[in-house]
Amino acid sequence: MTLCFNKEPGAAEVEQEYWRIVEQRDAHVAVHCGKVDTSTHGSGFPTGKSEPFSKHGWNLTVLPNNSGSILRHLGAVPGVTIPWLNIGMVFSTSCWSRDQNRLPYIDYLHTGADCIWYSVPAEEKAKLDKVVHTLLQANGTPGLEMLEKNVMISPEVLCREGIKVYRTVQRSGQFVVCFPGAFVSKVCCGYSVSETVHFATPHWMNLGYQAAKDLKCRCIAKPFSMEKLLYQIATTESKRDNGLLLTTISTLLKDLRNIELHQRQELYKAGLLSSARYGTHDGNLGPADGRKKPRGKWLALESLERRCQICQHLCYLSMVVQETDNVVFCLECALRYVEKHKSCRGLKMMYRYDEEQINSLVNQVCGRAMVKNGGVGIGGGGAVIVGGGGDSCHTLSPAKASPAKRGPRKRATVEVSLARLSSIHMPKAAAVS
């Protein structure tokens, strides 16, 4: 701070100096930032039962269990349903990125200096991909994949290329909500502590399902299993006759079922004869529930999803194991392995649910799904600020379920102000760093 400024700077001064450094590249500036797991180090929100606001809906340790968020079915997942604390200093940067699962998330600035947010709406994805690919001379690599390599591009450059860029300044005591698929970057104006957690409405399911397929094709590890989320929702919500949610997941569940059972049959045809069940089983999945659980070393898999060693997929429904080497494959990668080695020797399929149970659950969900018309969409700049004291590779693709009309809601216990983000007009800047 003292190297770059004579006095405590405002957001505009930090922003101008930041992009000057990026543009001119005449000095190496090293800054630090940190992420802290609140489950081990504590949250910035009150958590004690007797503390005020410990159960308030805007408390980010409470929000993951909100009845409107389907992520409550996941349980505790660090960085997803367990908030992270973000600690920054002047010029600390979150480079251009979007959540890999296309999840929406909410960020609250507890204390410290302002944070400048830039966002590009998800609708600009194709245009942004082309522009970044050209700017970075990616030589065949998609531009959006290049953005995953910690790249910061001036908003002015993007604006000149015809991309919509939005800007807002987050102050202490304010929330920022980032919409699904939005590309976001952030620059800290000084020491600051914020907290972030994810949430998802039923409208996110189709987007999240496709994102999970994309990550699997690209062999990128996911923080949670989409298969598990779908099955947890199906088993829980089918008992409650939640028509909107069941309608949303029914097509996805059928697609997942078709892929799963097809791959199992292909492995059986290839000569894979050894198989066994593992894992705890959800209730009401069919008549096989009462069967004895398997014994042996793979019983330890009950409380743990294992990752495929090839594509990093979290294996929830099933996996193929090579017991001698303790190697795990997803079914898709196991098929490739068998194809390559012309043998199934030493391989064993472990599955959580048998075919009868899977079909029973799908039929149960589809039978109780209730199609409704209407709904709401998400647009705008990809982020919105809520004031609290300042200014404001599979080819199968599921069909989109018809969103439902919103029902009556209870009156909120706290008033918040919403300010639509305005288009950005930046001072001089143009560099890619």
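In this predicted model, the side chain of Thr81 reaches the backbone oxygen of Gly75 at 2.6 Å. A further approach, at 2.8 Å, links the Thr81 side chain to the backbone nitrogen of Val77. The protein contains ten helices and 18 strands, and 50% of its 433 residues are buried. Its exposed surface amounts to about 21600 Å², with carbon and sulfur atoms supplying 50% of that area.

**Surroundings of Thr81**

- Thr81 lies in the loop that runs between helix H2 (38-41) and strand E2 (84-88).
- The relative accessible area of Thr81 is 9%, so the residue counts as buried, the cut-off being under 20%.
- When neighbours within four places in sequence are left aside, the contacts of Thr81 are Pro64, Leu71, Gly75, Ala76 and Val197.
- Gly75 is thus one of these contacts and also provides the backbone oxygen that the Thr81 side chain reaches at 2.6 Å.

**The four-stranded sheet**

- Four strands form an open sheet in the order E10-E15-E13-E14, and their pairing is mixed.
- Strand E10 (275-277) and strand E14 (327-329) are the edge strands, each pairing on one side only.
- On average, neighbouring strands of this sheet are turned by 30 degrees against each other, direction ignored.
- Strands of a sheet pair through backbone hydrogen bonds, in either a parallel or an antiparallel manner.
- E10 and strand E15 (residues 347-351) run parallel and are joined by three bridges.
- Ala276 stands opposite Met350, the latter being in E15.

**Helices packed on the sheet**

- Helix H8 (residues 243-269) packs on the sheet, where it touches strand E13 (318-322) and E15.
- The direction of H8 makes about 155 degrees with that of E15.
- Helix H9 (residues 331-341) also packs on the sheet, and it touches E13, E14 and E15.
- The direction of H9 makes about 40 degrees with that of E13.

**The H6 and H8 pair**

- Helix H6 (residues 205-217) and H8 have axes that come within 9 Å and cross at roughly 25 degrees.
- H6 is therefore roughly parallel to H8, a description that applies to angles under 35 degrees.
- From H6, the residues that take part in the contact are Met205, Asn206, Tyr209 and Lys213.
- Their counterparts in H8 are Thr248, Ile249, Leu252, Asp255, Leu256 and Ile259.

**Residues with positive phi**

- Most residues other than glycine have a negative phi.
- Arg25 is not a glycine, yet has a positive phi of about 55 degrees.
- Arg25 is located in the loop between helix H1 (11-24) and strand E1 (33-37).
- With a relative accessibility of 55%, Arg25 is classed as exposed, because the exposed class begins over 50%.
- Phe91, likewise a residue other than glycine, has a positive phi near 75 degrees.
- The loop between E2 and strand E3 (93-97) holds Phe91.
- Phe91 has a relative accessible area of 6% and is buried, whereas Arg25 is exposed.

Terms used
Residues numbered from 1 in each chain as written. Predicted model: local features only at pLDDT ≥ 70, side-chain atom pairs only at ≥ 80, totals over all residues. Heavy atoms only, no water. Pairing = 2+ DSSP bridges. Helix = DSSP H or I, 4+ residues; strand = E, 2+ residues; numbered from the N terminus. Axes fitted to C-alpha atoms, helices over the stretch in contact; angles between N-to-C directions. Contact = heavy atoms within 4.5 Å. Buried < 20%, exposed > 50% of the residue type's maximum accessible area, 1.4 Å probe, protein only. Polar contact = N/O pair within 3.5 Å; in protein donor to acceptor, adjacent residues only side chain to side chain. Areas by Shrake-Rupley, 256 points an atom, 1.4 Å probe, with all protein chains shown as cover. Parallel < 35°, antiparallel > 145°, perpendicular 65-115°, else oblique.
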